[in-house]
Amino acid sequence: VGGPRVVDAWDLLGEGLPAGRRVAVVGGGAVGLDVALALAVRGTLDPETLAFLVFHGAEADGRLHELVEKGTSEITVIEMLPKAGADLGRSSRWVVMVELERRGVRIMTSCEVTSIGEDGTVSYGRRLADGSREEASSRFDTVVLALGSVPRDPLSASLEAAGLAVTRVGDCVKPARIIDAIHQGHRAARAL
């Protein structure tokens with residue numbers, strides 16, 4: 001996990017870290033799928049370039065469509081649950097899944113990663129219906145870890161030490177969906 005080809009999802013999203021051509025995203029929850037989409041879009045045509053090419057007839061329509069949909073990386077999402085995006089809302093999950101499919105992102109479910117090598121080789125296993133286990137491995141240029149989050153609260157203690165009243169809401173209590181943080185914040189504001 002500490003190897004040179006392994007990056008954290010939050011670092012990749014927040015800092016825009018580079019990723020290689022072949023990318024594995026370990027974890028197919030909301031964050032892992034966001035990472036996969038962000039990477040799948042890298043290298044696609046931006047609207048201005050597309051308009052220029054269409055206007056000047058520089059490429060066939062089919063080729064332009066391909067350049068809009070497919071980025072410069074091959075992305076594989078490895079999820080241990082039987083369903084990727086299980087923590088996404090019903091109304092947004094289908095949109096994300098359709099976009100991932102159209103962008104060529106490969107999603108492997110019911111797969112448990114067993115090791116990540118220094119050279120980017122990811123070994124994983126899948127339990128089959130008959131109870132046996134299928135093992136496989138693939139080499140990637142970049143391995144992105146999107147395995148969940150832990151609460152982070154660097155501010156509350158110093159505010160309390162300064163004598164201020166603090167009500168903790170959102171991810172500093174327990175990482176969850178943004179709608180949960182909004183509701184917690186609303187309840188905290190109403191309690192004032």
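1. Let me start with Ser156, which has its place in helix α6, residues 156–161. Keep in mind throughout that this is a predicted model. Ser156 is buried, with a relative accessible area of 5%. Setting aside neighbours within four places in sequence, the contacts of Ser156 are Val166 and Arg168. There is also a polar contact closer by in the chain: the side chain of Ser156 meets the side chain of Asp153 at 2.7 Å. As for distance, Ser156 and Ala38 lie 118 residues apart in sequence and 32 Å apart in space, C-alpha to C-alpha.

2. Now the chain as a whole. I'd look at the overall dimensions before going further into details. The protein chain has seven helices and eight strands. A compact globule of 192 residues would come out with a radius of gyration near 16 Å, but this chain has 20 Å. Along the principal axes, the C-alpha trace spans about 65 × 55 × 35 Å.

3. On burial and surface: 29% of the 192 residues count as buried. The accessible surface of the chain comes to about 12,000 Å², and 56% of that belongs to carbon and sulfur atoms. As for contacts with a separation of 6 or more, 62% are between residues 24 or more positions apart.

4. Helix α5 deserves a paragraph of its own. The helix covers residues 90–102, 13 residues in total, and reaches 19 Å from its first C-alpha to its last, close to the 18 Å expected at 1.5 Å a residue. Which residues of α5 are buried? Val96, Met97 and Leu100. Seen down the axis of α5, the buried residues fall within an arc of 100 degrees, so they line one face of the helix. What does that buried side pack against? The partners are α2 (30–41) and β4 (106–108).

5. Staying with α5, have a look at the other side too. The face turned away from the buried side carries Ser91 and Trp94, both of them exposed. Just after the helix, Gly104 takes a positive phi of about 80 degrees.

6. Helix α3 is worth a glance for what sits at either end. At the start of this helix (residues 47–56), a side-chain oxygen of Asp46 reaches to within 3.1 Å of the backbone nitrogen of Glu48. Just after α3 comes Gly57, with a positive phi of about 60 degrees.

7. Ser110 is the one I'd flag for its backbone. Phi of Ser110 is near 55 degrees, and that is a positive value in a residue other than glycine. Where is Ser110 found? In the loop between β4 and β5 (111–116). Ser110 is partly exposed, with a relative accessible area of 29%.

8. Thr76 sits in strand β3, residues 74–78. Is Thr76 buried or exposed? At 7% relative accessibility, Thr76 counts as buried, because the cut-off for buried is under 20%. Leaving aside neighbours within four places in sequence, Thr76 is in contact with Val23, Ala24, Val25, Arg106, Met108 and Phe140. Val23, Ala24 and Val25 appear in that contact list, and β2 is given as 22–26. Arg106 and Met108 are on the list as well, with β4 given as 106–108.

9. Last, Ala19, which is found in the loop between α1 (9–15) and β2 (22–26). At 25% relative accessibility, Ala19 counts as partly exposed. What does Ala19 touch, not counting residues up to four places away in sequence? Leu12, Leu39, Arg42 and Thr142. For a sense of position relative to α5, Ala19 and Glu101 are 82 residues apart in sequence and 20 Å apart in space, C-alpha to C-alpha.

Key:
Residues numbered from 1 in each chain as written. Predicted model: local features only at pLDDT ≥ 70, side-chain atom pairs only at ≥ 80, totals over all residues. Heavy atoms only, no water. Helix = DSSP H or I, 4+ residues; strand = E, 2+ residues; numbered from the N terminus. Expected span 1.5 Å × (residues − 1). Buried < 20%, exposed > 50% of the residue type's maximum accessible area, 1.4 Å probe, protein only. Arc of directions from axis to C-beta. Contact = heavy atoms within 4.5 Å. Rg over C-alpha atoms; globule rule 2.2 N^0.38 Å. Areas by Shrake-Rupley, 256 points an atom, 1.4 Å probe, with all protein chains shown as cover. Polar contact = N/O pair within 3.5 Å; in protein donor to acceptor, adjacent residues only side chain to side chain.
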